[in-house]
Each structure stands twice: as structure tokens, then as C-alpha cells.
Amino acid sequence: MLTDLNPTQREAVLYNEGPLLVIAGAGTGKTKVITNKIAYLIKELGIPSENILAVTFTNKAADEMLKRVTLLVGKAGKGIWIGTFHSIALKMLRRDGHLLDLPANFSVIDQDDRLGLLRDILKNLNIDSKKYPPKIYLNLISNYKNTLEFVDEIPLTFEEYKFDEVFKMYQYALKSMAVVDFDDMLSLVVRLLKRNPELKYFYRDLFKYVLVDEFQDTNSIQLEFLTNIVDKDGKITAVGDDDQSIYGWRGAEIKNILNFETYFPNTKVIKLVDNYRSGFNILDTANRLIANNKYRKGKDLRPFKDATGEVFVHRFENEIEEAQFVANKISDLLAKGISPDEIAILYRANAQSRNFEVELNKMGIHFKVLGGVGFYGRREIKDILAYLRLFSNPYDIQSFKRAIKVPHRGVGDVTVEKIAQFAMDNGLNIWTALKEFSSQFSPKVRSAIDGFIAVFDGLEEVSVSEMIKNIVERIDYESFLNQYEDQFEAEKRMDNVNELVNAAVQLEEQGVLTLADFLATTTLQTSSDEDADGFVRLMTIHSAKGLEFDTVFLTGLEEGVFPLYRAMENEWEMEEERRLCYVGITRSKERLFITHVDRRLFYGKAQFLKPSPFIFEIKSMFDKKRTEEKVFHEKFGEGKVLKIEGSGEDARVTVNFQRYGYKTIIAKFLKFV
DNA sequence: CAAGTTTACCTTTTT
DNA sequence: GGTAAACTTG
């Protein structure tokens, strides 16, 4: 079993005396180490799978890991606890949340609804949401919950923000709606463990072996969670790479990995630096870039693969040409027989995907856009889910407000707002509120409300997938869509709704049977978790973390776009951007295309852009190596290289010819001697 | 007071 | 180029 591991990898698998930190550079086989370690624990050491906890960064990574473990140990791996911090936390809260007075069927509010809720609160408190956008509050609240203390970054105008009041109202609303937000899930679990030591010891005993992937992206709450469920001499294996820490903005603490020994004093550290993924030039490029960072432990990846790897830098006039180039190149690659699964287009921000989508469509290339507005974030899905959420948790006023308005049934904003207020003020669930408030309705509204209530008739009898079908039919969602959208759009949305039914059926087959579990799963499922087999993938670099492809297009390397303007003034943020670029580069195995443009549209307006500083950092060594090199040209004879723009055979090379002086020549007409 | 229409605002990155 | 708030109409 351990035969295809190298000595350091094997050491990491075999060391099970106490805390272990594996610093694993990109492509050094970190997933292999984790899966083999789990297999080793189960098969060789005979550890029951229930005693193993594996934490991953995404649901997809969790699925993938379980698949690989199953391949190694078969059914013996079935009971393993595997998932993201959030999904593990949810499982624990479902089990023991009552100790914190959490209602049994609490639901999870998604980011979108949090924003909507904050919008309502700001309106209520007469806070000008132009001056103080809800988003700011979302961040403040998130930071607060994640650090459990107010941090320095909180602006001086803090008082003006009325943060205290907003926060209190926000918490009150969550409580009365019986929902928790993303940040709560972790902090509540930590609270649970702290207040109930017997529970803490229960889990310490249960999780005899804990493995954490992508440790560089854990935040302080997550670390606190870990130190609660693992003794300081416990058998925890943390795997990560400080050079790939790209979630600082989300509260990730790079110091968690840099100071791991502080939390687990008797830690053994193993470094994996043999890279099996990328060709030499790609690795060289990555190493050169990341060497510009100051705040790092410092390591160079060693090439192990017997391949050169190709790195190209291409410059274009605008984003359309960039997209056309990428689409053409992909078409060539596909024609050569390269699988679409091995091709990815990466960018800094989701908004950049559009042009690629257009050009790929023109070429008839099948692709999938991952991330951005995910499946469960789509309007039609949220509409249907609102019904389900309300049915599962009748205190969920936000969902009521959405559901009652889809389709229009003669109950408008004003009435809805009144009902919502009445329910909130009196702590009533929606059904009771509607009943008690019904005397104030006009006959028209009353019959509309009756119709609304009737939608839920008998739903408790059927499975989740049947519920969805029933709701969609009863509200005649299809007609609603057709009324407001053109046929094509309406059909697309209906397809998505049917896809939701499929998702429910699938989850039912996997044993997710209750509505509450279904809803929680959908909320925790992100768009990056979607399946894209057989498609070219488009995604942000953030969502590409942990993935690898033969060919990677790293696009939009312009000052202000990547790195972002706002990051450029700040050394620390700049380093995170650089790490992000490093992650992007190291996704590629054989070919890496880096592209940048001279101008790009921002909200419909053209902006001129300089190439990203990262391009210069990457190229400087290459330039130096090649500058002063002697070249020969058929017509101009011998000369010395001064500057190279672009790369590959199309690069423009400025040469000082002995007899003809300075000339700029396309590289393919030059012979390097 | 509800539904339809126009304007404003926007763009980091995500569990 | 898309959505949600603001505005208008019936």
C-alpha cells in the first residue's frame, strides 16, 4: 500500500505518535498523504473509521477524499467523519444544539438572506444604507463573530454606524427566526464544547485521529474548535502550505500554521517539496514569483517530473481578443485529443468570466462556470427553496416574505411587511400570525392567503423531492416564469427547478431524508462543489485551489485587476495576491498561458491597464538570462538581446545589432547562439 | 395598495 | 450587463 510513496510522504503517513504538521508545497502529494494515512490507520492499525475525523476545505474535496479512501479500504471507510468545518459543526449542533437552546429544526441562513435581513434592519433603524451599506455590516458582524473581539480595523466612525444596535437586532432576528448564520455555526459549536466539558471529552475520545487539510486557511475559531476536540498532545495531522494562504480576508490566520507548535507543543514537522505535478518551467516560474514574498517560511519546490512544461505570456488589446485567443487555443487542444477536464480558465474575479463564455459558445466548446452565483443562489431555486424553508421552519420570516410574493397573488409589499412585523413583534410563527392577523385582511387578501396556505397541504406526508414537485405545480411556477421572461430564459429556469428535484432524489438516495437536513446541505453546498466532468472549467483562482489541470489559462494579469488596486497599497494584501497568483500557476501540469490586456471594460467603460507587476517578477529572471545573449538574424547578422516582450516564438525581442543598431524582431526569426 | 416600469448601483475572493 | 430599490400607474 505504501509502495508508491516517497520517503517523506511515507514518514508523514507512518508518524502517529502525536501532533504532526506537514508543510506540503503545491503538487507534492498532500492529498495522497492524507488518504493513504487514513487507509493506513484503518487497515494496518485497525482503527475503526468512526474514530477518524478528516476536515477539508470544500464539500467537493470531502467527497473526493472519501472516494479515494474507499478505493483503498473499501467499506471499512464508511463511518469516517469527513467534511468541511461547517458541515461537521452542523452535525454537532444538530446533535447537541438543544444545550444552547437551539430549536431542533433550526435552519441555516445563507449570505444573501443575511444581507436582505440587514437591509431591513438598517431601514428600521433609519440608517442611510447609501452611506453605510449592508455589506459593511455583514463584514463587521462576520469579523466580530470570527474573532470574538472587536478588531483594530473597525473604523473610527464606529459609533456612527450604530453597530451595537444593528448587531443586537440582527441577533434577535436570527433567534426569532430560529436560524443560525455561517459564522454562528462554528462559534456556537465552540461555545457548546466550552460550556459542556463532558461533550468536549466525548469528542476527544471519539476522534482518536484528526486530519486537517488546507490548514493555512483556518481562522481562529476553527483553530479553537480543533484545540477543543484535540488534546495538545493529540493525534492531529495538519497539512498545509503557507505559500498558498489565500483567505486572509475571510479571517484565515497564516499564523495558525506558522505557529502551530504553540498550540501543539510536541509537534513533529515534515516538509514535502518534491513536486510531481508541474513541468520544470512552470515550477521555476512559480518559485521565482513567490520568492518576492517576505512573510513566508521559505521553500523552493523541487521539480520531480520529467517534463519541461511550457509557460507563455500573451498580451492583447482588449478582453475580447484575450477571450478569442483562449477559445481558439482550447479548440486546438481539444482537437489534439486533450480532455476538456484537463483545461481550466482562471481569473481573479467572477465578473471576468463573461467574455470567455461568449467566445467558447461561438466555438461550440462545452464549458462550465464554477463559482459566482451558484446553483442554489439562482433566483428560481431560491424561490422554491423559500417555500421549503418556510415549511421546515415557520419562524423563518425572510423566507415567508419571498415565498408569498412568488407568484404575485394580490398581496404586496405593504401587507407582507405588516404581517412580518406582527409575527416578529409577537414571537409568532407564520401560521399562527396569519391566523391571528386575518381579521385585518380584506376579503381579497384573505382568500389569497388561504391559497398560499393551501400550497403546503399534506406536504408532511411526502418526501422532499415530492414536496418540490407539489409546490412547483401548485403555484404553477412555470406560468409565472413565462409571464415575466422570454421563452428561452423561462425554459432554462424550469430546467434548473427540475435539477433541484433531481438533487433531492439524489440526496434521498444518500440517506438525507429530512427536510431540515436537505436544506442545510443545500445551504452549505457551494457552486464550486458542482460537478463539471467532461467540461472545460471556468473559475476564480480561489475556487481552483486544490485542483490541477494539464493546461491552465491564467487571465487578466493587469495592474488593478490582478492584483486588485485596493491590495496594491498594502504590503500584506499584496503578498496575498502574489500567493493567489502562485496558486494559479501551480495548478498547471504541462502548459500555462498567462494573458493580459491593454484595456478592459469596467461597468461598460474602457480603462487602460498596465501589465501586472507579477508579470515582471516572473519574467525578470527569464529576461536576465536571455538578455545579453548573442543572437543571429538572417538579414541583420549578429546582435545582443536587450529586451524580450511576450514569450514563446511570438515574443518581441529588442536586439542591438552590431551593424544595424536597435531593432525589434519576432523571436522565431532569431537564432539564439 | 399591488403590479408594472425605470433608475441606480455595482465588481474581490467564499464556507 | 444584471439586479434591487425607487418611482409610476392602475
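**Salt bridges, charge and unusual bonds in a predicted model**

The side chains of Lys545 and Glu214 form a salt bridge, 3.5 Å from N to O. The model is predicted.

Biologist: How many residues apart are Lys545 and Glu214?

Modeller: Lys545 sits in the loop between α25 and β15. Glu214, in turn, belongs to the loop between β6 (209–212) and α10 (220–229). The pair links distant parts of the chain, and the separation is 331 residues.

Biologist: Is Glu214 buried or exposed?

Modeller: Let's use the cut-off: a residue counts as buried under 20% relative accessible area. Glu214 has a relative accessible area of 6%, so the word for Glu214 is buried.

Biologist: Which residues join Lys545 and Glu214 in one network of salt bridges?

Modeller: Happy to trace that one! Salt bridges that share partners build one network, with Lys545 and Glu214 in it. The other members are Lys30, Asp213 and Asp217.

Biologist: What is the phi of Glu214?

Modeller: Most residues other than glycine have a negative phi. Glu214 is not a glycine, yet its phi is positive. The value is about 50°.

Biologist: Which residue in the loop between α4 (85–96) and β4 (107–108) has a positive phi?

Modeller: The residue in question is not a glycine, and its phi is about 65°. It is exposed, with a relative accessible area of 67%. The residue found in that loop is Asp101.

Biologist: Which parts of the structure does the salt bridge between Glu571 and Lys294 tie together?

Modeller: The closest N and O atoms of Glu571 and Lys294 are 2.8 Å apart. The two residues are 277 apart in sequence, so their pairing ties together separate parts. Those parts are helix α27 (residues 571–585), with Glu571, and the loop between α13 and β10 (302–303), with Lys294.

Biologist: Is Lys294 buried or exposed?

Modeller: Its partner Glu571 is partly exposed, at 40% relative accessible area. To count as exposed, a residue needs over 50%. Lys294 has 55% relative accessibility, so Lys294 is exposed.

Biologist: How many residues of helix α13 are buried?

Modeller: Helix α13 covers residues 280–290, which makes eleven residues. The buried ones include Ile282, Leu283 and Arg288. Helix α13 is largely enclosed by the rest of the structure because the number of buried residues is eight.

Biologist: Which helices hold Glu417 and Lys401?

Modeller: Glu417 and Lys401 form a salt bridge, with the closest N and O atoms 3.5 Å apart. The two residues are 16 apart in sequence. Glu417 is in helix α18 (residues 413–426), and Lys401 is in helix α17 (residues 397–404).

Biologist: What is omega for the peptide bond between Val406 and Pro407?

Modeller: Good one to look for, as most peptide bonds are trans. Pro407 is found in the loop between α17 and α18. Its bond to Val406 is cis, with omega at about -5°.

Biologist: Which residue is joined to Pro563 by a cis peptide bond?

Modeller: Pro563 lies in the loop between β15 and α26 (565–568). Omega of the cis bond is about 5°, and the partner is Phe562.

Biologist: Which helix gives the largest share of the negative patch?

Modeller: On the surface, Glu473, Asp476, Glu478, Glu491, Asp495 and Glu499 gather in a patch of negative charge. Asp495 lies in helix α23. The largest share, three residues, comes from helix α23 (residues 487–509).

Notes:
Residues numbered from 1 in each chain as written. Chains lettered and ligands numbered in written order. Predicted model: local features only at pLDDT ≥ 70, side-chain atom pairs only at ≥ 80, totals over all residues. Heavy atoms only, no water. Patch = residues over 30% accessible without salt bridge, like charges linked within 9 Å, V, L, I, M, F, W, Y side chains within 5 Å. Areas by Shrake-Rupley, 256 points an atom, 1.4 Å probe, with all protein chains shown as cover. Salt bridge = Lys/Arg side-chain N within 4 Å of Asp/Glu carboxyl O. Lys, Arg positive; Asp, Glu negative; His and termini not counted. Charge placed at Lys NZ, Arg CZ, Asp CG, Glu CD. Helix = DSSP H or I, 4+ residues; strand = E, 2+ residues; numbered from the N terminus. Buried < 20%, exposed > 50% of the residue type's maximum accessible area, 1.4 Å probe, protein only.
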